[in-house]
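Colleague: Could you take me through one part of this model in some detail? I'd like to hear about the sheet and whatever sits against it.

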Amino acid sequence: EVDVLLRNFLPCYRRQLAASVLRQISRELGPQEPARCQLFRSKKLPRVREHRGALMHLQGHPPRWQPVFCVLRGDGRLEWFRHKEEHESGRRVLGSTALTGYTLLTSQPEYLRLLDALCPDSSGDHVQEETEPLLEAPVSFPLFLQHPFRRHLCFSAATREAQRAWRLALQGGIRLRGTVLQRSQAPAARAFLEAVRLYRQHRGHFGEDDVTLGSDAEVLAAVLMRGLLPATRAQSLPDPRGAGRARAWAWTELADAVYAAVLAGASAGLRAFQPEKDELLASLDRSLRPDLDQMLQLRARVAGRLRADVQGPLKACLRRKVDTRLSQVTQTLLSTVEAALDAVRTLLAQGMDRLSRHLRGNPSGARLRREVYAFGEMPWDPELMRKCYREAERSLGTLGQLAAPFGFLGTQSLVFGVQDLAQQLMANAVATFLQLADQCLTTSLDCQQAAEQLGRVGGRVLKKFQSDGEAEQRRCVRGWLLSIFLPFMLSQLQRSCRTFQKLPEFEGDVLAMGSQALTIEGIYEDVIREVLLQRIDQELKRGLGTSDSPCAQVDVSEAPWHQEGAGKTAKFPQGS
């Protein structure tokens with residue numbers, strides 16, 4: 001199954017690598033807009049703060065609660081040892097896992113309901129069979145890590161404070177591992193995500209979901225497991241090991257073994273493809289640059305013909321299906337991002353003010369260094385950032401309900417994206433403040449004068465944050481609106497516009513270019529994307545009260561084509 005997946009996926013990936021390189025080159029050689037970012041970009045890589053401590057772990061056959069010493073690494077990997085001394089002496093771990101794809105539950109009744117749902121035909125058996133005290137006995141401060149394809153990890157903390165600290169740390173690790181591809185601006189990462197979307201779309205799956213959380217191998221493994229699980233469950237459950245919740249527990253162990261085999265195969269396949277990918281990217285850059293003008297002119301001609309052909313069905317789809325919900329979804333997204341960034345701004349202002357107050361108090365050098373270090377660590381402090389992250393989660397249910405009719409099931413990815421944005425802007429603002437402060441503070445200033453200088457620097461940083469925050473809010477909402485509505489529109493237009501994707505009069509010219517970077521199918525999707533973005537920008541203008549100026553730091557996958565006539569969008573009347 002893994003071999004079949006790779007055999008069918010890699011050609012799609014090659015095409016998207018070519019298209020991504022072509023788009024990047026066209027942007028490089030096109031008109032360059034001035035940089036709009038006001039804040040300095042933080043040079044620190046995203047990470048989680050390492051966390052460690054003693055927990056109880058449910059493990060073994062039959063499962064028993066046993067003490068372990070757990071360590072959450074900065075890369076979002078969880079390890080556990082028999083004793084703290086084994087960790088400190090560098091002994092081999094008892095177990096470890098990357099937190100990609102896990103969901104953290106701290107409610108035992110909620111977790112038990114989840115176990116019951118895994119084997120619904122026997123969900124009530126546990127009341128009649130032998131008692132299962134390890135699964136049903138009350139756990140005071142639980143930490144349940146659930147995964148759709150992996151063995152569940154059940155831990156228990158000694159106190160509520162320890163449970164809270166572990167909850168914040170684990171949630172940060174889950175997000176860090178999940179958004180590794182979404183955070184990347186590399187053409188290969190963007191091409192991979194687009195290839196996954198098209199691969200699934202060609203098999204009838206339209207609509208974004210959370211399957212793209214994780215590394216490239218983890219994403220492919222998740223795509224395959226979605227199809228393997230039903231058949232595996234049907235084959236394994238008639239002969240269960242135990243019954244009721246014990247049966248569900250056994251199922252998670254079987255799924256974990258299947259997932260491990262799939263992940264190993266996907267990782268090996270992508271590693272084998274890596275040399276070819278590196279050579280392909282280098283050769284694409286060399287081969288596409290000389291023919292860029294010719295390719296973009298051909299693309300413009302094909303796009304113009306497609307735009308004229310699909311105008312009727314496209315206008316009807318927008319009017320009847322999209323416009324009815326676009327405004328509500330836009331406003332919900334705008335308010336969600338705004339609330340998260342407002343929380344970041346408040347936290348940032350408090351941190352800068354705290355530094356100024358400490359400086360006025362004529363502190364010792366050691367204490368001031370500790371305060372500056374604590375300020376620099378704010379973006380990675382889960383306790384400090386929790387309010388910002390919580391704001392991103394408040395509208396999770398509402399967004400899910402609004403977007404579900406359009407086949408969008410990626411609300412967790414959306415929330416992670418907003419939280420990543422909040423953390424990155426905080427990191428940029430902190431780096432900017434420290435750099436500007438270093439430039440303006442001199443040994444000739446006394447503490448009062450230095451505090452006044454810091455106050456002025458803080459005011460400048462807040463203005464820069466406001467500017468970048470507004471641009472990033474627009475960019476973030478624009479990208480997620482496209483993720484919600486583009487797959488839906490493509491699915492709605494699939495039947496009525498199928499003949500328009502042929503264009504035999506252009507097929508020979510496209511094939512004659514001899515490059516996978518240009519396909520009629522790709523140009524067709526670009527046309528739909530451009531028209532949808534025009535409508536989205538109209539809605540954002542109403543929602544934000546801004547001008548028609550282009551969006552700052554536009555995502556590569558949304559970027560216009562810099563060629564005369566290549567990026568024109570259909571001028572449909574507003575509200576049509």
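Modeller: Here is a walk through the sheet, the helices on it and a pocket that shares some of those elements. Keep in mind that this is a predicted model. The sheet is open and has seven strands in the order 4-3-2-1-7-6-5, with antiparallel pairing. At its edges sit strand 4 (95–98) and strand 5, each pairing on one side only. On average, neighbouring strands are turned by 30 degrees against each other, if you ignore direction. For a closer look at one pair, take strand 6 (residues 142–146) and strand 7 (residues 153–156): they run antiparallel and are joined by four bridges. Phe 144, for instance, has Cys 154 in strand 7 as its bridge partner.

Now the helices. Helix 3 (residues 108–118) packs on the sheet and touches strand 5, strand 6 and strand 7, with its direction at about 30 degrees to that of strand 6. Helix 5 lies across strand 1 (51–59), strand 2 (64–72), strand 3 (77–81), strand 4, strand 5 and strand 6, and runs at about 90 degrees to strand 1.

Helix 5 also leads us to the second largest pocket, giving the most to its lining with nine residues. That pocket holds about 940 Å³ of space. Its lining counts 42 residues, and closest to the centre are Tyr 102, Gln 171, Ile 174, Gln 412 and Phe 416. Elements giving two or more residues to the lining include strand 5 (103–105), helix 5 (160–178) and helix 14 (411–440). By type, the lining splits into 19 nonpolar, 11 polar and 12 charged residues.

Definitions and conventions
Residues are numbered from 1 along each chain as its sequence is written. This is a predicted model: local features need pLDDT of at least 70, side-chain atom pairs count only at pLDDT 80 or more; totals for chains, interfaces and linings use all residues. Side-chain values use heavy atoms; hydrogens and water are left out. On a 1 Å grid over the protein atoms alone, a cavity is a set of points where a 1.4 Å probe fits but cannot get out, and a pocket is an open set with protein on both sides within 12 Å along at least five of seven lines; lining residues have an atom within 4 Å of a point. Grid points are joined across faces, edges and corners, and a volume is the space filled by probe spheres set on the points. Ala, Val, Leu, Ile, Met, Phe, Trp, Tyr, Cys and Pro count as nonpolar, Asp, Glu, Lys and Arg as charged, and the others, Gly among them, as polar. Two strands pair if DSSP finds at least two bridges between them. Axes are lines fitted to C-alpha atoms, for helices over the stretch in contact, and angles run from 0 to 180 degrees between N-to-C directions. Contact means heavy atoms within 4.5 Å.
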